[in-house]
Amino acid sequence: MAFLTFLEGIRTPFLDRLMQFITYFGQEIIIIAVICALYWCVDKRFAYMLGFTYFTAGLLVQSLKITFRVPRPWVLDPQFKAVESAIPGATGYSFPSGHTQGATCLFFPLALKAKRVWIKVFCVLAFMLIGFSRMYLGVHTPKDVIVSMLLSIAVSGIIWHFQGFFLDGTQHAKQIAGVLAVISFAVAAYALVMESRGIIDMKYAADCCRAAGAGLGFALGYYIERTRLKFSTRTGHLSSQAAKLIAGLLLALVIKEGFSLLFGTSILVKMAEYFVLVLWVLVLYPYLFSRLGRRQA
């Protein structure tokens with residue numbers, strides 16, 4: 001809190017806007033859009049690696065949030081004021097930082113993959129700066145950011161090291177998908193039990209269940225695509241690839257918004273929404289554009 005108080009003392013309107021812009025790159029929508037672009041249009045294998053890293057670390061971070069239940073900085077110290085524009089996006093408990101987890105799970109694997117030193121440095125600086133922005137804005141303490149960063153680096157490093165096991169061949173696909181599905185179910189069950197006993201509010205349990213729904217969608221989609229669909233990423237010219245990406249993202253947005261309109265916003269509905277969204281990304285949409293590509297050929 002002393003460090004956050006120091007940062008509060010050096011805030012300016014320009015820095016507030018700049019840090020709010022930087023922190024945006026740790027949001028779910030940006031990370032999922034990048035994974036979609038890679039998966040549908042550029043490098044399916046690396047997109048899978050990002051997906052394993054992001055969803056696994058996300059399940060871990062959400063579980064830790066409801067286990068430790070650390071309040072946000074302005075709750076810990078009522079005299080402290082966060083940047084007003086950042087508060088609406090600061091949902092859930094404070095420890096560990098979800099934005100930092102997302103940013104690290106995106107940029108650290110990119111740093112590992114990059115060939116040029118300047119790109120590696122840029123990627124490392126990117127997730128570190130996003131973590132710093134969370135502290136500048138007053139929505140996370142250094143402990144929230146550093147622990148999230150270290151956990152995400154550890155998960156990224158493990159998956160990078162064993163990438164052949166996850167991504168080369170299909171002999172272990174069923175076991176990998178099964179383990180991820182069991183972990184996802186366990187996280188959802190843990191959150192629902194905590195909520196039913198009055199230990200956490202429904203909104204905190206909902207965050208865990210969304211992560212669990214995404215994990216289940218990734219487990220099933222990974223298994224189906226790896227063993228049945230096996231679509232080709234590099235198809236079509238740049239313009240057709242761009243059109244494919246834009247159409248897929250727009251339809252994903254329609255699914256997300258339509259779910260709430262049709263079925264409400266209960267915990268289980270939100271879990272199902274994220275399950276279907278990830279399944280759309282991994283299997284349903286690739287199946288559609290693969291069929292379309294074969295007809296045009």
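Is Cys123 buried or exposed? Buried, because its relative accessible area is 5%, under the 20% limit. Keep in mind that this is a predicted model.

Let's stay with the cysteines. Cys105 is buried too, with a relative accessible area of 1%. So do they pair up? A disulfide is a covalent bond between the sulfur atoms of two cysteines. The cut-off here is 2.5 Å between the sulfurs. The sulfur of Cys123 has its closest cysteine sulfur in Cys105, 14 Å away, so that is too far for a bond. Cys105 is in no disulfide. The count of disulfides comes to zero.

Now the helix packing. Two pairs to show.

First pair on my list: α4 and α6. Helix α4 covers residues 44-68, and α6 covers 98-113. Their axes are 9 Å apart, and the packing angle is about 150 degrees. An angle over 145 counts as roughly antiparallel, so α4 is roughly antiparallel to α6. The crossing is right-handed.

Who makes the contact? On the α4 side we have Phe46, Leu50, Thr53, Tyr54, Ala57, Gly58, Val61 and Lys65. On the α6 side we have Gly98, Gln101, Gly102, Cys105, Leu106, Pro109, Leu110 and Lys113. Note Cys105 in that list. This is the buried cysteine from a moment ago. By class, the α4 and α6 contact holds nine nonpolar residues, five polar and two charged.

Next pair: α2, residues 13-23, and α7, residues 117-136. Here the axes come within 9 Å and cross at roughly 130 degrees. That angle makes α2 oblique to α7. The crossing of these two is left-handed. From α2, the contact uses Leu15, Asp16, Met19, Ile22 and Thr23. From α7, it uses Leu129, Ile130, Phe132, Ser133, Arg134 and Tyr136. Sorted by class, that is seven nonpolar residues, two polar and two charged.

On to a charged side chain. Asp207 sits in helix α11, residues 202-229. Where does its accessibility put it, buried or exposed? Asp207 is at 12% relative accessibility, so it counts as buried. What does Asp207 touch, leaving aside its neighbours within four places in sequence? Gln62, Thr91 and Gly92. Gln62 falls in α4 by its number, since that helix runs 44-68.

Last topic: backbone geometry. Three places to look at.

Start with the peptide bond between Phe95 and Pro96. That bond is cis, with omega about -10 degrees. Pro96 is in the loop between α5, residues 73-76, and α6.

Then Arg69. Its phi is near 55 degrees, a positive value, and the residue is not glycine. Arg69 is in the loop between α4 and α5. At 34% relative accessibility, Arg69 counts as partly exposed.

Finally Lys230. Again phi is positive, near 50 degrees, in a residue other than glycine. Lys230 lies in the loop between α11 and α12, the latter being residues 238-263. How open is this one? Lys230 has a relative accessible area of 54%, so it is exposed, the limit being over 50%.

To recap. No disulfides, by the rule used here. An α4 and α6 pair that is roughly antiparallel, and an α2 and α7 pair that is oblique. One cis peptide bond to check on screen, between Phe95 and Pro96. And positive phi at Arg69 and at Lys230. That's it from me.

Terms used:
Residues numbered from 1 in each chain as written. Predicted model: local features only at pLDDT ≥ 70, side-chain atom pairs only at ≥ 80, totals over all residues. Heavy atoms only, no water. Axes fitted to C-alpha atoms, helices over the stretch in contact; angles between N-to-C directions. Helix = DSSP H or I, 4+ residues; strand = E, 2+ residues; numbered from the N terminus. Parallel < 35°, antiparallel > 145°, perpendicular 65-115°, else oblique. Left-handed = near helix turned anticlockwise from the far one by under 90°. Contact = heavy atoms within 4.5 Å. Nonpolar A, V, L, I, M, F, W, Y, C, P; charged D, E, K, R; others polar. Buried < 20%, exposed > 50% of the residue type's maximum accessible area, 1.4 Å probe, protein only.
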